[in-house]
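Me: I have a protein model open and would like to learn how to read it. Could you take me through a few features, one by one?

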Amino acid sequence: MQIDGREVKARDDMTVLQAARTAGIHIPTLCHHEKLEPFGACRMCMVEVEARGRKNYVVSCLYPVAQDLVVRTRSERVDKIRRVILEELLAHAPNSPELVALAREYRADRDRFEKDASFCILCGLCVRYCAEVKQKNAVDFIERGARREISFIPEIAAKECWDCQECFALCPTSYAQAAYFLTEALAFPGRRKAGVANA
Amino acid sequence: MTRLESAAELEHFRAGIVAARDPAKPCIAVCAGAACHGLDSARVAQAFRTEVGKLGRDAGLEVRVTGCHGYCEKGPNVVVGPDDVCYFEVKPEDAPEIVASTLKKAVVERLVYAHPDTGERAVHMGEVPFYKHQTRLLIGDNVRIDPMRIDDYLALGGYAALAKALFQMTPDQVLDEVKKANLRGRGGGGFPAGQKWETAKNAPGKDKYVIVNAHEGEPGAFMDRALFTGNPHKVLEGLIIGAYAIGSHRGFIYTRHDSPQLIRHIEQALAQAEEYGLLGENILGSGFDFRVEVHFDVGIFVSGESSALMRSIEGLPPEPRPKYIRTSVAGIWNRPSNLNNVETWANVPQIISRGAEWYAGIGTAGSKGTKLVSLSGNVVNSGVVEVPMGTPLRKIVYDIGGGIPGGKAAKAVHFGGPMGGSIPANLIDAPLDFDELAKLGAPIGAGGLLVMDEDTDMVDVARYFLEFLTNESCGKCVPCREGMRQTLKVLTNITKGKGRDGDIARLEDLNDVTGAACLCALGRTASDPLKSMLRYFKDEYETQIARGSEGKGGKAAGSAAT
């Protein structure tokens, strides 16, 4: 197959994103993590693909490779999609270093849309890491649509989180950490300290 | 009742039902469709039963509680057969008079249709303007069927198409017939049903599923509910025929948890069909097995999206699947799953019994058959309408719908609810056609037609749809969740007179990316209403934005824009 004009070889069980990364071609992602199942939610990894003369925009983290597929990781349209997505997310987390760096690359204006400082961009890294790697499900999505947020489940978090907290490092905005400590303060204050003292 | 073991037994049984019925005997059909039910038609039906009960065993007329007749505006509806005398806005206290007149073969003049302008009367269904311009192939039987009684469906020739398919046709021939008929999906996409069936049929795997999408969740769409509640066996028969063609032995009906009447009718239909040997093991002795189970939604619009619906059947939250493999190849539990909506399935029996050629003779080059339309908004006659594809929208809005109330002018017609589009009134001669309307920017969608008069604020219409969608999106992917959230904010500001310079560009960018980048069809088509508004009504948006900018001293408010 071809990515950005280069011939690239890939195993047939790979996604376009895996093939590109193997070939050293960078595609930006926010919700992707190698240890986790592809999620396809942030849509930052969208690329242009062309097969049998038809052009399409797909998320590379899920799109399977195919013989003779032509992929363009940058184009005016791809860049526009990434720019608007960044502008939408910057309304929530205007100072996230990851977003700020990408905003510079894609000329995204962080003040374009009305601010809604929820900090979380709902990439789901914490939720999925806890479910897939730790298999604890201590943090999950609640609500739907524009009201969706992450929430630590106090009963599970009280038992599982105090000596884990591995999701904090995955969070692009530090909101996971904030949400956890808020849950702790509200639902089981002092529990973590007691746990540390006992350990 | 013993099971019917062959096509001959079915025909024999049917002949018995028909013979026991006197076609000349008057039958009072009381509509119990959603709108009439809301107007307490149950009390009307009870009044008729009491009245007829007084006449004793040989009353010489019967009362039937049926599904939706269609003319919701004028409910509670009562139709008296065999001549189909239509009475409108019937109250329980009208029952004695109607019964007495019917026995005398007379008509209660004060309850028949009178034209609002000319006062001209119309007594029979075929003369009432709302009905006479329609072609009611699917919904017409509703008047003759008590949905709780399979015998009523059999009396009208029900399940003959199934018998024909099972005993006179191979699965491939059934598939070919549906392909030749060019039946296109009525759920929104207009995708050719035969092609979808073929994909599922040819997909590898032994276990395949067929599904009825009865999750009609779009505001302003109520025709699937009217059809399925009023004539559940028609849909079920279509599903069984489809299963036979595809090679599926397990079907699902996915419907709303909040329509108790519909649920009751579906469950009764399944039980009766099974009792008669029309469902379950060895259907009509043909050797074909097929079972159906009913699943309910969890109260969210997106569960009607095909991949979300399938996750819901699996027992998972109804989030659309991020996969580039079609559900007809890998759907429920990753097995080939063919999903069609209520109206699509309901078309199947007539295609089999009357043939693809007959069916393809109705409609336009690309859109065949009739289409159910939920007509509502600023229109004199709201209700469920069925017309041949290709019918000009003007005919639906004016001849059938009776035009705009209050002597006002039409401003726009909107098709397809929150994922559809609005076209201005000057395009009202456009035909009801999947491709023509999609080109104009008002794709038929499921078939909800909303008429808007000259007083309608088009910014507020878009805002209303966006508000619905932001609450109904699953919230997983950014361009849907965030794109719609921001679009709604911009629109809300404009309607409050707080529009800013650059709002049009903001809306266009948001809409463009939502339409291109969303994970599922809900998100991608959520941009359609606004797209059509910016295509036809941009000046209205600009005027309202300008009003906002001026009010706040012009440009300053929009300094961060574009």
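**Reading interfaces and single residues**

Reply: Gladly! Across the interface of domain 2 of chain B and domain 4 of chain B, one residue pair is in polar contact, with both residues at pLDDT 80 or more. That pLDDT value is there as this is a predicted model.

Me: Into which domains is chain B divided?

Reply: Chain B has domain 1 (23-134), domain 2 (158-360), domain 3 (370-455) and domain 4 (459-558). The C-alpha centres of domain 2 and domain 4 of chain B are 36 Å apart.

Me: How do I describe the place where domain 2 and domain 4 of chain B are in contact?

Reply: Start by counting residues: ten from domain 2 of chain B are in contact with eleven from domain 4 of chain B. Then turn to area. The size of an interface is often given as the accessible area lost when the parts come together. Here the two domains of chain B bury about 930 Å² between them, and 75% of it is on carbon and sulfur atoms. On the domain 2 side, B:P219, B:F301 and B:P320 supply 47% of the area buried against domain 4 of chain B, more than any other three residues.

Me: How many salt bridges are there between domain 2 and domain 4 of chain B?

Reply: The count is zero. By class, the side of domain 2 that touches domain 4 of chain B has six nonpolar, one polar and three charged residues.

Me: Can we try the same reading on the two chains?

Reply: Yes, with the same steps. In chain A, 35 residues are in contact with 35 residues of chain B. The two chains bury about 3,100 Å² between them, 50% of it on carbon and sulfur atoms. In chain A, the residues that lose the most area to chain B are A:E88, A:R112 and A:R144, together 21% of what that side buries.

Me: How many salt bridges are there between chain A and chain B?

Reply: There are nine salt bridges. One of the residues named above takes part in a salt bridge: the side chain of A:R112 meets that of B:D509 at 3.0 Å, N to O. Polar contacts between the chains come to 25 residue pairs, both at pLDDT 80 or more.

Me: Which elements of chain A give two or more residues to the side that touches chain B?

Reply: They are β4 (54-59) and α2 (76-90) of chain A. The largest share, eight residues, comes from α2(A). By class, this side of chain A has 18 nonpolar, three polar and 14 charged residues.

Me: Now a single residue, please. Is B:R14 buried or exposed?

Reply: B:R14 counts as buried because its relative accessibility is 8%, and the cut-off for buried is under 20%. Look for B:R14 in helix α1 (residues 7-20) of chain B. Its side chain makes a polar contact with the side chain of B:E11 (3.0 Å). The B:R14 side chain also reaches the backbone oxygen of B:G158 at 2.8 Å. Leaving aside neighbours within four places in sequence, B:R14 is in contact with B:L154, B:G157, B:G158, B:Y159 and B:A160.

Me: And is B:T118 buried or exposed?

Reply: B:T118 counts as exposed because its relative accessibility is 58%. Find B:T118 in the loop between β5 (113-114) and β6 (121-122) of chain B. The side chain of B:T118 reaches the backbone nitrogen of B:E120 at 3.2 Å.

Definitions and conventions:
Residues numbered from 1 in each chain as written. Chains lettered and ligands numbered in written order. Predicted model: local features only at pLDDT ≥ 70, side-chain atom pairs only at ≥ 80, totals over all residues. Heavy atoms only, no water. Helix = DSSP H or I, 4+ residues; strand = E, 2+ residues; numbered from the N terminus. Buried < 20%, exposed > 50% of the residue type's maximum accessible area, 1.4 Å probe, protein only. Polar contact = N/O pair within 3.5 Å; in protein donor to acceptor, adjacent residues only side chain to side chain. Contact = heavy atoms within 4.5 Å. Buried area = accessible area lost by both parts, 1.4 Å probe. Salt bridge = Lys/Arg side-chain N within 4 Å of Asp/Glu carboxyl O. Nonpolar A, V, L, I, M, F, W, Y, C, P; charged D, E, K, R; others polar. Domains from an automatic or database assignment.
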